[in-house]
Amino acid sequence: MEPVGGGGGDCRRPCSADPRSTYVLSNLAEVVERVLGFLPAKALLRVASVCRLWRECVRRVLRTQRRVTWISAAGRPGARHLDGHCLVRVLAEELENVQVLPQTALYMADSDSFVSLEECRGHKRARKRTSMEAAFALEKLFPKQCQVLGIVTPGIVVTPMGSGSNQPQEIEFGESGFALLFPQIEGIKIQPFHFVKDPKNLTLERHQLTKVGLLDNPDLRVVLVFGYNCHKVGAGNYLQRVLSTFSDTNIIVAGGQVDKLLSLTSEKNPVDIDAIGVVGLSFSGHRIQSATVLLNEEVNDEKTAEAAMQRLKAANIPEQNTIGFMFACVGRGFQHYRDKANVEADTFRKFFPSVPLFGFFGNGEIGCDRIVTGNFILRKCNEVKDDDLFHSYTTIMALIHLGSSK
């Protein structure tokens, strides 16, 4: 995809087509917009170069496409494809058809298939090369101006494409992934952030946090945060150090510890997948409403899972234009629920029938019970300290409402 531009010619030049249709498509903006409204974003960017009228119509059409879209993929367990990860293949096809122009993209994929651990076992350089090639191939599919953040985790939670009411799936094993496509939304700002551990300088400067909207930002509402390479010495302490700089503010914080960071196109320097760091997205805007709930170790059957989900439902977050997130420990899933799969995703769907759910199974969870309403009233389950945000063997469920769609 390329930015809207170019063209600027006159639509009314001579043509061999029916002069009446030529007149309509050259002069009546209402008709042109109606026709262009059926085209996907990529096609709109191409036809914008036809003439000035069409370029202006394309801009108006794109301004109406403000809903978050997603592309999801899942392969058969144990299957391997020579032509790359299923998410890359599906994205290459489906991005041709989406009607939004993404400004920010968040993708997650299973680490076993994406990083090719089995194919490259024992060959660290080969594994690193393989995973980065897949990440580069995926990044090239998005518009140049789109900020892409990509991570890999042990397992994926995904809602199949087509409708937010589709049944979400907890895919603990096997090839899977999704990409959330955030268009430019009026009154809402989404900013990626990234902090890399520097053993020589562990101090986080205030201007670094302010630049990405984490400090001195009265409109900040939600932070999705992910620590990567947390199996390495000092990684957990660094994650806590970063979160302590903004977690005491009245915001929703949710996320967890993942395997690797693979994509962050907002930065000029290439991603070092072997580094220790913290990455995420900040969501700012008065229209945002959000809530999180913690499912602790005692939540181990459908009844207790429903009780936890009722707390999230009690937040009264609007379901329209809302995204659900699930960040679970790798120790939960079907083993935790006595060999019954998809318990938490099924319970979420029961209480939120039209909200798509996304997330992962990781190595540590971040969050607690918090609600931020339209009046920006914060309610906590208790007095939250930094340590209370970090958990293991739990699940964090989150809702992020991006305002009423117009």
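**View 1. C368 and C329, two buried cysteines in a predicted model.** C368 sits at 4% relative accessibility, so it falls under the 20% cut-off and counts as buried. C329 is also on the buried side, with a relative accessible area of 11%. Don't go hunting for an S–S bond in this predicted model: the structure holds zero disulfides.

**View 2. Strand 9, walled in.** This close-up takes in residues 252-258, which make up strand 9. Seven of the seven residues here are buried, so the strand is largely enclosed by the rest of the structure. Strand 8 (residues 220-228) runs parallel to strand 9, and the two share seven bridges. To get your bearings on that side, look for G227, whose bridge partner in strand 9 is Q257. Between the two strands the chain passes through helix 9 (residues 235-243), giving a β-α-β crossover that is right-handed.

**View 3. Strand 9 meets strand 15.** Strand 9 also pairs with strand 15, a short label to find at residues 365-366. This time the strands run antiparallel, and two bridges join them. Zoom in on G255 and you'll find I366 of strand 15 standing opposite.

**View 4. F182 and F283, an edge-to-face pair.** The model has eleven aromatic pairs in total. In the one shown here, the ring centres of F182 and F283 are 5.8 Å apart and the planes make an angle of 70°, which makes the pair edge-to-face. The two partners come from distant parts of the chain, 101 residues apart: F182 belongs to strand 6 (residues 176-183) and F283 to strand 11 (residues 277-284). What about solvent? F182 is buried, with just 1% relative accessible area, and F283 is buried too, at 1% relative accessibility.

**View 5. F327 and F360, a tilted pair.** Here the centre-to-centre distance is 4.9 Å and the angle between the planes of F327 and F360 is 45°. That angle is neither under 30 degrees nor over 60, so the pair counts as tilted. F327 lies in strand 13 (residues 322-329) and F360 in strand 14 (residues 357-362), so this contact ties together parts of the chain that are 33 residues apart in sequence. Both F327 and F360 are buried.

**View 6. Zooming out to the aromatic cluster.** Which residues join F327 and F360 in one aromatic cluster? They are F226 and F325. F226 falls within strand 8 (residues 220-228), the strand that pairs with strand 9 in View 2, while F325 falls within strand 13 (residues 322-329).

Terms used:
Residues numbered from 1 in each chain as written. Predicted model: local features only at pLDDT ≥ 70, side-chain atom pairs only at ≥ 80, totals over all residues. Heavy atoms only, no water. Disulfide = S-S within 2.5 Å. Buried < 20%, exposed > 50% of the residue type's maximum accessible area, 1.4 Å probe, protein only. Helix = DSSP H or I, 4+ residues; strand = E, 2+ residues; numbered from the N terminus. Pairing = 2+ DSSP bridges. Right-handed = clockwise from strand over helix to strand, strands pointing away. Phe/Tyr/Trp six-rings, centres within 6.5 Å; stacked < 30°, edge-to-face > 60°.
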